[in-house]
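Q: I've got a model open on my screen and I'd like to learn how to read it. Can we start with the cysteines?

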Amino acid sequence: MAAAPEPSEPAKGKLFKLLRIFGVENIRCARDSILYGSLGSVVAVGGFILVTLGCWFHCSYNYAKQRIQERIAREGMKNKILYENTHLDPERKQSKSNGSN
């Protein structure tokens with residue numbers, strides 16, 4: 001029966017080399033460090049994407065809201081010009097009812 005390799009000895013053929021330079025299995029805590037570093041970069045990228053999308057949606061919503069308000073104001077000004085001093089003018093009707101009281 002073959003003896004099991006000691007934990008500090010890498011098994012033959014199973015040596016994992018990072019960037020083909022470092023024998024990661026020979027470096028203490030390297031596996032955990034690489035995994036945590038990878039997880040940290042995924043979290044950072046995910047945070048970047050979430051913040052970017054959140055800001056973009058917020059900006060797009062405010063821009064659309066502003067465009068709607070501008071359109072309503074333009075239509076109101078156009079109607080004011082069209083109906084001013086006519087029998088359809090709402091201000092003229094209000095002033096008549098206020099003047100008769």
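A: Sure, and keep in mind that this is a predicted model. The sulfur of Cys-59 has its closest cysteine sulfur in Cys-55, 8.9 Å away, which is too far for a bond. A disulfide needs the two sulfur atoms within 2.5 Å.

Q: How many disulfides does the structure hold, then?
A: The count is 0.

Q: Is Cys-29 buried or exposed?
A: The general idea is to look at relative accessible area: over 50% is exposed, under 20% is buried, and in between is partly exposed. Cys-29 is exposed because its relative accessibility is 51%.

Q: What does the whole protein look like on that scale, and which elements is it built from?
A: Of the 101 residues, 4% are buried. The accessible surface adds up to about 9,600 Å², with 62% of that belonging to carbon and sulfur atoms. As for elements, you'll find 2 helices and 2 strands, and reading along the sequence gives β-β-α-α.

Q: Which residues does UniProt list as a "transmembrane region"?
A: An annotation like that may be inferred rather than shown by experiment. Here the UniProt record, an unreviewed entry, lists residues 34–57. In the model, that span is 100% helix and 0% strand, and its end C-alpha atoms lie 35 Å apart.

Q: Which residues form a nonpolar patch on the surface?
A: For a patch like this, you look for nonpolar side chains with over 30% relative accessible area that sit within 5 Å of each other. In this model the patch is formed by Val-45, Phe-48, Ile-49, Leu-53, Trp-56 and Phe-57, and together they have about 670 Å² of accessible area. Take Trp-56, one of that group: its place is in helix α1, which covers residues 30–83. Trp-56 counts as exposed because its relative accessible area is 52%.

Q: And charged pairs? How many salt bridges are there?
A: The thing to check is whether a side-chain nitrogen of Lys or Arg comes within 4 Å of a carboxyl oxygen of Asp or Glu. By that rule there is 1 salt bridge. Arg-71 pairs with Glu-75, and their closest N and O atoms are 3.9 Å apart.

Q: Where do Arg-71 and Glu-75 lie?
A: Both are in helix α1, 4 residues apart, which is about one turn of the helix.

Q: Are those two buried, exposed or partly exposed?
A: Arg-71 is partly exposed, with a relative accessible area of 43%. Glu-75 is also partly exposed, at 43%.

Methods:
Residues are numbered from 1 along each chain as its sequence is written. This is a predicted model: local features need pLDDT of at least 70, side-chain atom pairs count only at pLDDT 80 or more; totals for chains, interfaces and linings use all residues. Side-chain values use heavy atoms; hydrogens and water are left out. Patches are made of residues with over 30% relative accessible area and no salt bridge: like charges are joined within 9 Å, nonpolar side chains (Val, Leu, Ile, Met, Phe, Trp, Tyr) within 5 Å. Accessible areas come from the Shrake-Rupley method with a 1.4 Å probe; for residues, only the protein chains shown count as cover. Buried means under 20% relative accessible area, exposed over 50%, partly exposed in between (1.4 Å probe, protein chains only).
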